[in-house]
Structure formats: structure tokens, C-alpha cells
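Here is a set of short exercises to work through with the viewer open. Try each task yourself before you read the solution below it.

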Amino acid sequence: MLSKVHYGIFLGALSTSAALQAQDYLPVLQYHHVSASSPKSTSVTPEQFTEQMDYLKNAGFQVVDLRSALDDLKANKPLPEKAVAISFDDAYRSIYQAGFPILKERNFPFTVFINTEPVERKSRSFLTWEQMKEMEQSGGVFANHTISHPYMLRKEKGESDEAWLSRMTKEVDTVEGLLEKNLGHSPKMLAYPYGESNGQIRGMMKERGIMAFGQQSGVVSADSDFENLPRFPASGAYAKLSTLKTKLNAKPMPLLSEKTGGDYATDQPVSISLTFKEGQYRLKDLTCYVAGQGKAKLDWVSDTEVTATAEKPFGVGRGRINCTMPDNLGKHYYWYSNVWIRSSPDQGYVSEKS
């Protein structure tokens, strides 16, 4: 609802009293296809998407430009009350055909993370540069999703760690160049394909001034890792309006620190240690869920520190723990998520490095 220009005007006009009412966190919604014929796991139908966007409008949510909002959060500047951002991954043509008209009608800004290989070979299933230019005129922003959408932590057969990092660097830098060449600018944002990254990849993002997103769920705040930001999936199994409402009302978990043991899972169950900031929280109502396993075991080390442990090791691929906790009024949930990668013997993953 707020374009980048109007968003700036809004912030400039905030009074002291209004600033106290403003929001210091941002839920970001993640979509892929807007279609009834694409894979259901990553799709919303046009009807579902219309229902969701109508809810945002009618419930008073302020849809903001993603990069502007991230800049302000990082600088501890307030966002509009009920601020939310909309994003898409993979540059599917259905975003232009079915999603864009719905967004344009409501004057909602949005960001699309594009993988450029199918765009460059002019695949009919993906956006064209001309369509992107048209969408830019109505609040669209286009950002980096690598060239070929690789599993960024997997090495090719016989590839050294150094050659892997060079290949991943090319995946990122080439798209930045194509954005500059075809659109004239880059917002310096990236979404990791499959949500996978490690310390080296995140370091590459930081060196380039690129803010980057994983696929762990949660809410962005000034305390977030701006090279591994969370988003909420809003399609597939998460397309129901009731589920969306819970996520839109989520707040960032009030953490002083977290310990995850690194980016990779082993043949042992993962665990996380969370230390909470001082404050009035319903800590005893904290619940952590392990993907595919149910609830994690919680061990309270002190009144403000807890360790959550999975019941059994993760299988090969990505695994996560999601933690939620209701606020004192029960109207919002604090939210936290972490992702680990477990490789198999026949998959060459880059070694763990900070």
C-alpha cells in the first residue's frame, strides 16, 4: 500500500506520539507461483492470493517496500504500524500474469527474487526483462536469486572448496550485473535458493552490501542477521487465511543470544540454546517443534535460558526447529526458527567454516 516514495513521506511525518505506536519489526511473506496449475506445494491460486491481499487491505496492514523497510530496521527507525512486505522467489511468469494485476490494483509494492538463467534463455514459464520493467512502474522490485538456482552448499564432483566458492561468487555477481544492465539498478538483496547458506556465503553477502534471506520462518528486527533473514511461507500448505493471520501477528523472539552448533547437522540430534532478554514474557509457554518429529525436549538452564533438543537426528537435507511463545495478552506469538543441513556420503558439501 505504501510505495517507496510514500513510505518515506510517512516516516518523515511521524510525530513523537505516533512513533511510540509504530512497529520495530517486519513480517515478510514469501510466495512462488500464483497459479491453479503449478505445483501445489509452492503455489497459491489467484483466488487465494486475492483473498490474502484483500485481508491485508481490509485489516489495515501497511504493505511496504522491502529494502526501505530493512534499511530502517537496521538503523533502528520505526516502521508503520502493521507493516508487512511481500516477496516472490524464482521469477515465474504467473507472478506477472496472475499476481501482478492483484497487487497493482491495491497499490502494493513487492519484491521478486529472480534466477536469471531461464530469463536469459527466454523461457515461456519465466518473466521477461520487459515485463519486469513494466512491473517496476507499479511497485515491483527485482533482486538476486542466483543464475541457476543451485544448492549453494553442494560441491560438484572433484571440486575444491576454493573452486566452489568461486562458482558461487559468479552465481551472485553475474545476477547483480544483469540487474544493472537490464534494469539500471540493483536493490542489493538476495534470496538463497532452498534457503541454504553458510558462514562463507553470508560473508560474501556482507562484503557486497547485500541483505539476504533464508527459508527459516520468523520476523525481521534490528537484532536479525541481515545476511540470513527469515520469511514466512504463504503458499501451499500455508495458504490458509487463518495460518496467514497468525504469521502476520507474529513478533521476533526476544533473544539476547542463541547457540545452534553451526550450519550442519550430524548423526546426532541437533539442539539450540536460547537466552532471553529481560522482560515480562510467558517463557513457560515456549514450545519448540522439530520438523518431522514433533515437540523438542526443553531443558531450562536458568529462568532466562533454555536448551531445545530434537528427539532424533535429522535425515539428509534440510531440517529445522521452530519455536513460538505467546505474548502476555495472547494476541501475538513470538517466533524463532533455525535451519540445519545434513549431507549424505554421496553429496559433496563444502566443509564447515565460519
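**Exercise 1. Helices α5 and α7**

Task: Describe how helix α5 and helix α7 approach each other, and name the residues that make the contact.

Solution: Keep in mind throughout that this is a predicted model.
- Step 1. Start with the axes: those of α5 (residues 93-106) and α7 (residues 129-136) come within 10 Å and cross at roughly 35°.
- Step 2. Next, find the hand of the crossing, which is left-handed.
- Step 3. Now list the partners. From α5 come R93, I95, Y96 and F100, and from α7 come Q131, E134 and M135.
- Step 4. Sorted by class, the contact of α5 with α7 has four nonpolar, one polar and two charged residues.

**Exercise 2. Helices α7 and α8**

Task: Decide whether α7 and α8 are roughly parallel or roughly perpendicular.

Solution:
- Step 1. The two helices pack with their axes 11 Å apart, at an angle of about 70°.
- Step 2. Angles of 65 to 115 degrees count as roughly perpendicular, and α7 and α8 are therefore roughly perpendicular to each other.
- Step 3. On the α7 side, W129, M132, K133 and E136 take part, and they meet L178, L179, N182 and L183 of α8.
- Step 4. By class, the contact of α7 with α8 has five nonpolar, one polar and two charged residues.

**Exercise 3. Helices α3 and α10**

Task: Work out the orientation and the handedness of the pair α3 and α10.

Solution:
- Step 1. The axes of α3 (residues 46-58) and α10 (residues 241-248) cross at roughly 40° and come within 11 Å.
- Step 2. This pair is therefore oblique.
- Step 3. As for the hand, α3 passes α10 in a right-handed crossing.
- Step 4. In α3, the residues E51, Q52, Y55 and L56 meet L241, L244, K245 and L248 in α10.
- Step 5. The classes in the contact of α3 with α10 are five nonpolar, one polar and two charged residues.

**Exercise 4. Helix α9 and its surroundings**

Task: Which residues of α9 are buried, what covers them, and which residue caps the N-terminal end?

Solution:
- Step 1. Within α9 (residues 199-207), the buried residues are G199, Q200, I201, R202, M204 and M205.
- Step 2. Their cover includes α8 (161-183), β8 (189-191) and β9 (211-213).
- Step 3. At the N-terminal end, the cap is N198: one of its side-chain oxygens lies 3.2 Å from the backbone nitrogen of Q200.
- Step 4. After the helix comes G209, with a positive phi near 70°.

**Exercise 5. Positive phi outside glycine**

Task: Take N107 and T146, and say for each whether it is buried or partly exposed.

Solution:
- Step 1. N107 has a phi near 60°, a positive value in a residue other than glycine. Its place is the loop between α5 and β6 (110-114).
- Step 2. The relative accessible area of N107 is 42%, so N107 is partly exposed.
- Step 3. T146 is not a glycine either, yet its phi is positive, about 75°. Look for T146 in the loop between β7 (140-144) and α8.
- Step 4. T146 counts as buried because its relative accessibility is 0%.

**Exercise 6. Two buried residues, one in a loop and one in a strand**

Task: Locate S235 and T307, and find what each one touches beyond four places in sequence.

Solution:
- Step 1. S235 sits in the loop between β11 (232-233) and α10.
- Step 2. With 5% relative accessibility, S235 counts as buried; the cut-off is under 20%.
- Step 3. Leaving out neighbours within four places, S235 is in contact with Q30, Y31, H32, T42, S43 and V44.
- Step 4. T307 belongs to strand β18 (residues 305-309), and its relative accessible area of 17% makes T307 buried.
- Step 5. Not counting residues up to four places away, T307 touches S271, I272, S273, K297, L298, D299 and V301.
- Step 6. One of these partners is S273, whose side chain makes a polar contact with the side chain of T307 (3.1 Å).

Technical notes:
Residues numbered from 1 in each chain as written. Predicted model: local features only at pLDDT ≥ 70, side-chain atom pairs only at ≥ 80, totals over all residues. Heavy atoms only, no water. Axes fitted to C-alpha atoms, helices over the stretch in contact; angles between N-to-C directions. Helix = DSSP H or I, 4+ residues; strand = E, 2+ residues; numbered from the N terminus. Parallel < 35°, antiparallel > 145°, perpendicular 65-115°, else oblique. Left-handed = near helix turned anticlockwise from the far one by under 90°. Contact = heavy atoms within 4.5 Å. Nonpolar A, V, L, I, M, F, W, Y, C, P; charged D, E, K, R; others polar. Buried < 20%, exposed > 50% of the residue type's maximum accessible area, 1.4 Å probe, protein only. Polar contact = N/O pair within 3.5 Å; in protein donor to acceptor, adjacent residues only side chain to side chain.
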